[in-house]
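Me: I'm new to this one, so could you walk me through it in plain words? I'll ask, you answer.

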Amino acid sequence: MDVLMFVFAAAILGALFGACGWLVAFMERRA
Amino acid sequence: METALILGLTALLAWPLARYMAAAFAGPTPPRWGGLWRPFEVVERLLYRGFGVNPEQQMSWAGYARAVLWTNLTAGVFALGVFMAQGWLPLNPDGVGGMSWDLALHTAASFVTNTNQQHYSGQAQLSYLSQMIGVTALQFITPATGLAAMVACLRALVGAQPGVVGNFYQDATRAVTRILGPLAVVWALALASQGVPATFEGEQPVAWLDPAAAPADTPQQVIPRGPVAPMVAIKQLGTNGGGWYGPNSAVPLENPTPLSNLLQTLAILLVPLACALMIGPFTGKRRLGWAVVGVMAALSVALIATIYVTEYAPSPVMEGLASAPRALEGKEVRFGEGASALWGTLTTQTSNGSVNAMHDSMNPLSGVVLLMGMLINSVWGGVGVGVINHLLYLLLTVFLAGLMVGRTPEIGGRKLTTREVQVVCAVILLQPLLILGPLAVALAYPGVSEVGEGFHAVSRALYEYTSAFANNGSGFEGLADGNVFWNVTCAVCLIMGRYVPMIAPLVILARLSVKRAAAPTSATLRVESPVFGLATVSVIVIVQLLSFLPVLVMGPMAEHWVSAPQVVAGARDAASAAGGER
């Protein structure tokens with residue numbers, strides 16, 4: 001396994017989860 | 001008759017299951033039921049201790065959402081590592097290599113979101129370890145997450161303890177130990193009894209019937225096997241859908257007999273239906289529960305009836321011929337049109353995504369029915385999340401009905417204000433944004449997406465993103481979806497389509513739960529009435545048609561119309577006239 005590619009893919013996955021958390025928090029703050 | 005039998009049998013099993021589920025999640029001390037829970041509590045205590053969590057600690061919506069996201073992210077990264085490293089990990093008797101980063105990212109995102117959209121072929125590209133701890137483990141964790149989120153939303157709807165919605169770890173653990181685990185054991189044994197493989201031995205070598213005709217590079221053929229039955233059981237019960245074999249339950253090894261087909265069709269609908277039925281017993285709002293079930297059942301029956309009409313018709317190209325053939329291309333002959341159509345619509349209504357026929361081959365208008373099931377995504381929807389999606393539509397209908405009758409919209413005596421309605425609208429608008437946005441890119445850059453040409457290409461791409469956002473997982477398999485473009489764009493749809501619509505209703509309901517409830521008056525909008533149910537159906541259908549009718553017209557509907565015999569005959573005449581002139 002290419003460790004760098006794993007880190008890259010994991011970072012994308014983490015960013016997507018982070019985006020969900022941020023989006024919900026943003027909606028809650030704005031609402 | 002067969003359909004009525006399957007649906008009736010499912011309803012018969014779902015009602016006691018719903019009562020059982022309502023009791024299983026009633027906490028912290030559920031009804032004793034003669035010590036029924038004791039063995040489960042022993043296992044659960046061990047799990048709580050092992051993971052170091054305190055199941056008694058009550059969480060706010062924010063704490064609950066954080067627990068959902070962190071748990072799922074951890075599981076997703078773990079699965080990602082297993083998929084990429086499977087080449088040198090154990091339990092790999094067939095020597096399968098590791099996945100590329102983009103395919104592993106898509107596969108991890110797909111399985112952690114309860115979608116099971118597959119851009120790979122399971123029997124050839126996953127080791128047994130990946131199938132077991134990367135795929136099957138997530139097939140338990142993700143429906144458990146959906147069930148937990150649903151009970152949190154229902155607790156907030158009742159508002160018995162304003163500000164808190166339960167404990168995610170306790171809810172998710174109970175979902176696995178008390179509901180999904182026992183059901184999966186029963187179903188796995190039943191499927192294994194029908195001949196679905198359940199073994200750790202590797203591929204089964206089989207001699208060619210005519211060795212002289214064997215290809216030079218394949219002197220011996222092999223049949224891939226593995227612990228298939230347990231995986232198929234939870235794939236159906238947990239609205240997961242991802243099969244052991246690439247063609248899913250169309251393969252005789254995964255679905256060998258009429259009884260295995262009945263068991264799997266039943267399992268597709270069982271838990272989602274039980275989720276809707278448990279609203280009444282769990283919240284004490286029995287009339288509201290029946291109203292939700294009524295709306296879902298009306299839409300479900302409409303979709304089933306429509307697909308029977310569209311799928312029993314011959315392909316539009318063949319229509320009007322003296323001996324129009326039946327639409328059997330892409331179907332298992334042993335299941336025929338009826339069992340394939342019923343499975344197709346149930347698997348898209350419930351966000352399951354398993355198939356026993358190729359959806360790509362169904363008549364174009366059947367494609368519209370399948371797409372509508374996924375777009376609505378709350379008839380009956382995925383385990384837990386179907387009810388959550390329905391609550392979102394319920395809140396929107398309360399707001400719109402309030403506008404129509406000129407009263408401040410309220411639910412359970414608690415007023416819906418602009419702030420809550422803004423969140424509802426934002427979540428509903430996220431769906432067209434995340435489906436139509438990447439679809440437009442895919443169609444605008446066919447060189448990158450390799451989407452193909454014509455109306456059917458639009459249908460395929462639309463189906464792919466709709467399936468990803470709805471966390472369904474089925475596909476129009478003609479799409480060349482195994483490249484970086486599809487893997488990454490679908491991963492975005494998968495994650496955003498799972499967690500935002502799951503958590504946002506929890507936020508709204510938790511906010512409502514801390515408001516003071518006004519006593520009902522004669523002018524109060526009764527959300528459990530048939531008229532309100534009709535309004536909910538209208539809102540669901542209108543919202544979806546407003547968002548997606550243009551693209552449905554450009555895809556499957558256009559495909560139907562241009563395939564109509566008179567159009568085909570007209571084109572043929574025009575072509576021969578042009579040939580004659582030449």
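**A first tour**

Me: Let's begin with one spot in chain B: where is Asn248(B)?

Reply: This is a predicted model, so keep that in mind throughout. Asn248(B) isn't part of a helix run; its place in chain B is the loop between H8 and helix H9 (258-277).

Me: Is Asn248(B) buried or exposed?

Reply: Its relative accessible area is 3%. Buried means under 20%, so Asn248(B) is buried.

Me: And what is the phi of Asn248(B)?

Reply: Asn248(B) is not a glycine, yet its phi is positive. The value is about 60 degrees.

Me: Where is Ser351(B), which also has a phi near 60 degrees?

Reply: Ser351(B) is a residue other than glycine with a positive phi. At 1% relative accessibility it counts as buried. As for its place, Ser351(B) sits in the chain B loop between helix H12 (336-349) and H13.

Me: Which residues does the cis peptide bond with omega of about -15 degrees join?

Reply: One partner, Trp380(B), lies in the loop between helix H13 (364-376) and helix H14 (385-405) of chain B. With omega at about -15 degrees, the cis bond joins Val379(B) and Trp380(B).

Me: Let's zoom out. How many helices and strands does chain B have?

Reply: Chain B has 582 residues, and 58% of them are buried. Its C-alpha atoms fill a box of roughly 80 × 60 × 45 Å along the principal axes. The count for chain B is 20 helices and four strands.

Me: What radius of gyration does chain B have, next to that of a compact globule?

Reply: For 582 residues, a compact globule would come out near 25 Å. Chain B agrees with that, because its own radius of gyration is 24 Å.

Me: What share of the contacts in chain B with a separation of 6 or more comes from residues 24 or more positions apart?

Reply: Take the contacts in chain B between residues with a separation of 6 or more, and pick out those whose partners are 24 or more positions apart. They account for 77%.

Me: How about chain A: how many helices and strands?

Reply: Chain A has 31 residues, of which 39% count as buried. Its C-alpha trace spans about 45 × 5 × 5 Å along the principal axes. The tally for chain A is one helix and zero strands.

Me: Back to chain B. Are H6(B) and H8(B) roughly parallel or oblique?

Reply: Helix H6 (residues 128-158) and helix H8 (residues 228-237) of chain B have axes that come within 9 Å and cross at roughly 30 degrees. Angles under 35 degrees count as roughly parallel, so H6(B) and H8(B) are roughly parallel.

Me: Which residues of H8(B) take part where H6(B) meets H8(B)?

Reply: The crossing of these two helices is left-handed. By class, the contact of H6(B) with H8(B) has four nonpolar, three polar and one charged residues. From H6(B) come Gln131(B), Val135(B), Thr136(B), Gln139(B) and Phe140(B), and they meet Met231(B), Ile234(B) and Lys235(B) in H8(B).

Me: What about H17(B) and H18(B): roughly parallel or oblique?

Reply: Helix H17 (residues 455-469) and helix H18 (residues 484-513) of chain B have axes 7 Å apart and pack at an angle of about 40 degrees. Because of that angle, H17(B) and H18(B) are oblique.

Me: By class, which residues make up the contact of H17(B) with H18(B)?

Reply: H17(B) brings residues including Tyr465(B) and Phe469(B), while H18(B) brings, among others, Trp486(B) and Pro501(B). Sorted by class, the contact has ten nonpolar, two polar and one charged residues.

Me: Which residues is Val68(B) in contact with, leaving aside neighbours within four places in sequence?

Reply: Val68(B) lies in helix H3 (residues 61-85) of chain B. It is buried, with a relative accessible area of 2%. Its contacts beyond those neighbours are Thr145(B), Phe168(B), Tyr499(B) and Met502(B).

Me: Last one: how far apart are the C-alpha atoms of Ser538(B) and Val295(B)?

Reply: Ser538(B) is in helix H19 (residues 530-563) of chain B, and at 33% relative accessibility it counts as partly exposed. Along the chain, Ser538(B) and Val295(B) are 243 residues apart. In space, their C-alpha atoms are separated by 10 Å.

Definitions and conventions. Residues are numbered from 1 along each chain as its sequence is written. Chains are lettered from A and ligands numbered from 1 in the order in which they are written. This is a predicted model: local features need pLDDT of at least 70, side-chain atom pairs count only at pLDDT 80 or more; totals for chains, interfaces and linings use all residues. Side-chain values use heavy atoms; hydrogens and water are left out. Axes are lines fitted to C-alpha atoms, for helices over the stretch in contact, and angles run from 0 to 180 degrees between N-to-C directions. Angles under 35 degrees count as roughly parallel, over 145 as roughly antiparallel, 65 to 115 as roughly perpendicular and the rest as oblique. A crossing is left-handed if the near helix is turned anticlockwise from the far one by less than a right angle, and right-handed if clockwise. Contact means heavy atoms within 4.5 Å. Ala, Val, Leu, Ile, Met, Phe, Trp, Tyr, Cys and Pro count as nonpolar, Asp, Glu, Lys and Arg as charged, and the others, Gly among them, as polar. The radius of gyration is taken over C-alpha atoms; the globule rule is 2.2 Å times the number of residues to the power 0.38. Buried means under 20% relative accessible area, exposed over 50%, partly exposed in between (1.4 Å probe, protein chains only).
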